[in-house]
Amino acid sequence: MKAVSVVIPAYNAAATIATTLASLGSEAEVIGEILLVDDASTDNTADVARQAAAQLSLPLRVLPAECRDAGGARNVALAQALHPWVYLIDADDLHLQGGLRALLRQAENQPKAGMIVGAYRRRVNGQDRQIKVPNGYQAACLANASAYVKGDIRSVAVGSVLASRQLIGDTRFPVGLAYDEDTLFWARLMSKASLAMIPQPVMVYEVSPARSDDRFAINPVRRFLEWRRELRTLTDCGIPVSALKTREGLVALKIARVHYARGDLDVAARFLAVAAAAPKRRSEAWRCLRYRLKLAVRRRLSAPRVELQGVL
């Protein structure tokens, strides 16, 4: 049964897209379509994808777009998806053999579930790290959405979730954000979904720490305010403000960590203040305190050098 619409946003992905498509080859019997959104690529992403799909007998459809935004590109495909289930994966990640069929089997076992969450393998700079197993995905809908936003349950990766097209409906990814747009999308789905999980890894999530950190380093204040404005819209699906403030603190702490590591101590201090003021678990409270102490020490050690430079 061709039950799944696969959505892949792609920008200059000629070097990786064939491998990503090859990783889906074993699932051809359940894939009804692969919607590749070629988002203003300047390389031959589309041609490489078409050639790979033809060799694998995969039903690829290339959708040209000018979104210049991963969330916007996914939205283009979501508006055209035809099959009962939607599976999203990025153009540099890998699907693991049998993952889609395992997700579909769990959907059959729990027919009320509109969102099936699988485990995933995390690969950092090409090196395999730990397997991330989902937890807490069997509780009531809104409880799950709030817990997800607060970081109380394991984050999902794009590529580890199967969602029903009916559940998605007109829900779309926020656009124009530098980070965390997928968290906001999943939270909206969780607020109205019955959820299920499987412990089996279904994909490999490729992580580049440097690229991830760069998102937090460029125009940090403007990007944070834009993201926070979008985050606060989650109140319209019943997620309490207290949970959203906890998320703000988590993201502010990430931004502070990046700027501390790169030596921008003033920006690090500003975001540490935001994180310190947010509701948080004990572990995050300790991390805030630890970074504030480290920040104070670095400032004290650097002060004499600054004074000496002024004299010279």
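Let me begin with a definition: a residue is called buried when its relative accessible area is under 20%, exposed when that value is over 50%, and partly exposed in between. With that in hand, we can take Val4, which has a relative accessible area of 0% and is therefore buried. I should also say at once that what you see above is a predicted model, and I will keep to what can be computed from it.

Before going back to Val4, let me describe the chain as a whole. The chain holds twelve helices and nine strands, and 51% of its 312 residues are buried. For 312 residues, a compact globule would be expected to have a radius of gyration near 20 Å, and because the chain comes out at 21 Å, the two agree. Along its principal axes, the C-alpha trace spans about 75 × 45 × 30 Å. If we take the contacts in the chain with a separation of 6 or more, residues 24 or more positions apart account for 79% of them.

As for the surface, the accessible area of the chain comes to about 14600 Å², and carbon and sulfur atoms contribute 51% of it. The chain carries 43 positive and 30 negative charges, and the mean positions of these two sets are 8 Å apart.

The next point is the division into domains. Domain 1 covers residues 4-207, and domain 2 covers residues 213-302. Taken over C-alpha atoms, the centres of domain 1 and domain 2 are separated by 28 Å, and the contact between them takes 19 residues from domain 1 and 23 residues from domain 2.

Now let me return to Val4, which sits in strand β1, residues 4-10. Which residues does Val4 touch, if we do not count those up to four places away in sequence? Among them are Val30, Ile31, Gly32 and Glu33, then His83, Trp85 and Tyr87, and also Leu100, Leu104 and Leu162. By contrast with these contacts, Gln130 is 126 residues from Val4 in sequence and, C-alpha to C-alpha, 28 Å from Val4 in space.

Leaving strand β1, we come to Thr16, in the loop between β1 and α1, where α1 covers residues 17-23. Thr16 has a relative accessible area of 28%, so this residue counts as partly exposed. Once its neighbours within four places in sequence are left aside, Thr16 is in contact with Ala91 and Asp92. Thr16 and Lys2 are 14 residues apart along the chain, and their C-alpha atoms are separated by 25 Å.

Let me turn to two residues with a backbone angle worth pointing out. As a general matter, most residues other than glycine have a negative phi. Ser57, although it is not a glycine, has a positive phi of about 55°, and Asp180, also a residue other than glycine, has a positive phi near 70°. Ser57 is found in the loop between α2, residues 45-56, and β3, residues 60-65, while Asp180 lies in the loop between α6, residues 165-168, and α7. Are these two residues buried or exposed? Ser57 is exposed, because its relative accessible area is 60%, whereas Asp180, with a relative accessible area of 10%, is buried.

Asp180 leads us to helix α7 itself, which covers residues 181-190. Eight of the ten residues of this helix are buried, so α7 is largely enclosed by the rest of the structure. The buried residues of α7 include Glu181 and Thr183, as well as Leu184, Phe185, Trp186 and Ala187, and further along Leu189 and Met190.

Two of those names come back when we look at Ala145, a residue of helix α5, residues 141-150. Ala145 is buried, since its relative accessible area is 0%, and, not counting residues up to four places away in sequence, Ala145 touches Ala187 and Met190, together with Ser191 and Ile239. Between Ala145 and Tyr205, which are 60 residues apart along the chain, the C-alpha separation is 22 Å.

The last residue I want to show is Gln106, placed in helix α4, residues 99-109. What makes Gln106 count as buried? Its relative accessibility is 16%, and the cut-off for buried is under 20%, so Gln106 falls within that class. Apart from neighbours within four places in sequence, Gln106 is in contact with Ile116, and also with Ala196, Met197 and Ile198.

Note on methods:
Residues numbered from 1 in each chain as written. Predicted model: local features only at pLDDT ≥ 70, side-chain atom pairs only at ≥ 80, totals over all residues. Heavy atoms only, no water. Helix = DSSP H or I, 4+ residues; strand = E, 2+ residues; numbered from the N terminus. Rg over C-alpha atoms; globule rule 2.2 N^0.38 Å. Buried < 20%, exposed > 50% of the residue type's maximum accessible area, 1.4 Å probe, protein only. Contact = heavy atoms within 4.5 Å. Areas by Shrake-Rupley, 256 points an atom, 1.4 Å probe, with all protein chains shown as cover. Lys, Arg positive; Asp, Glu negative; His and termini not counted. Charge placed at Lys NZ, Arg CZ, Asp CG, Glu CD. Domains from an automatic or database assignment.
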